[in-house]
Amino acid sequence: MPRDIPPRAWQRMLSGRRLDLLDPSPLDVEIDDIAHGLARVPRWNGQTRGAHIFSVAQHSLLVEEIAQAIKPDLADKWRLAILLHDAPEYVVSDIISPFKAVLGGEYKAVENRLMRAIHLRFGLPPELPEVHRKVMKRADQSAAYMEATQLAGFEHAEALKFFGRPVGIPANLDMTPWPAEIAAERFLARFGELRAF
């Protein structure tokens, strides 16, 4: 590549969209691309038990379900935002927390720009209000605890230290990882139910 040509900073999606990572446009965000990508992105760098990866799409559905248990009167608009809480990972993948700490602020800046574009695309405010962000964070930590102990080989004491005591866990929780096609299909179906707000 000639030196005077800047490196490519966009990702071509299966929808045909070109999503600019430095200046993402809401017009280039498609839910089918998000569902497809998240269903193929592994949690825990793929270091989980099961015949399939435990995908970010499956994790997102679990977090949204736990958030509803934590705050039963949560409006569909905020449940949709919680379902999409890891949506930028369809482009930047699921970087584990220890590696995010090594990368520093630039990774977070890219992720935040993507999240704002995603929120705007689906009629959500650019930033999640603090009250709903707290619910999302608690649900995310509870989901991480369950994944860590049931899929990623963590001892309960170790998971408690990093994620806290889980709350809002469904009584019939099945942590069996789904095939990517099923994860994408279920993510899209839930998106459709919540998008009607």
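In what follows, Ala, Val, Leu, Ile, Met, Phe, Trp, Tyr, Cys and Pro count as nonpolar, Asp, Glu, Lys and Arg as charged, and the others, Gly among them, as polar. With these classes in hand, we can walk through the structure, which is a predicted model, beginning with one of its pockets.

The second largest pocket, which holds about 240 Å³ of space, has a lining of 8 nonpolar, 2 polar and 5 charged residues. Of the 15 residues in this lining, those nearest the centre of the pocket are Leu61, Leu62, Glu65, Leu173 and Trp178, and at least two lining residues come from each of helix H2 (56-70) and helix H9 (180-194).

The largest pocket has a volume of about 1000 Å³, and among the 32 residues that line it, Asp86, Lys100, Lys108, Lys137 and Asp140 are the closest to its centre. Its lining is made up of 14 nonpolar, 6 polar and 12 charged residues, with helix H5 (97-103), helix H6 (105-121), H7 and helix H8 (156-163) each giving at least two of them.

Helix H7, which covers residues 130-150, also contains Thr149. Because its relative accessible area is 14%, Thr149 is buried, the cut-off for that word being under 20%. A polar atom of the Thr149 side chain lies 3.0 Å from the backbone oxygen of Tyr145, and, leaving aside residues up to four places away in sequence, Thr149 touches Arg49, Phe154, Glu155, His156 and Ala159.

Finally, an unreviewed UniProt entry lists residues 52-154 as "domain: HD/PDEase"; in the model this span is 70% helix and 0% strand, and its end C-alpha atoms lie 19 Å apart.

Key: Residues numbered from 1 in each chain as written. Predicted model: local features only at pLDDT ≥ 70, side-chain atom pairs only at ≥ 80, totals over all residues. Heavy atoms only, no water. Helix = DSSP H or I, 4+ residues; strand = E, 2+ residues; numbered from the N terminus. Buried < 20%, exposed > 50% of the residue type's maximum accessible area, 1.4 Å probe, protein only. Polar contact = N/O pair within 3.5 Å; in protein donor to acceptor, adjacent residues only side chain to side chain. Contact = heavy atoms within 4.5 Å. UniProt positions renumbered as here; feature names shortened; annotations may be inferred. 1 Å grid on protein atoms, 1.4 Å probe; cavity = no way out; pocket = protein on both sides within 12 Å on 5 of 7 lines; lining within 4 Å. Points joined across faces, edges and corners; volume = space filled by probe spheres on them.
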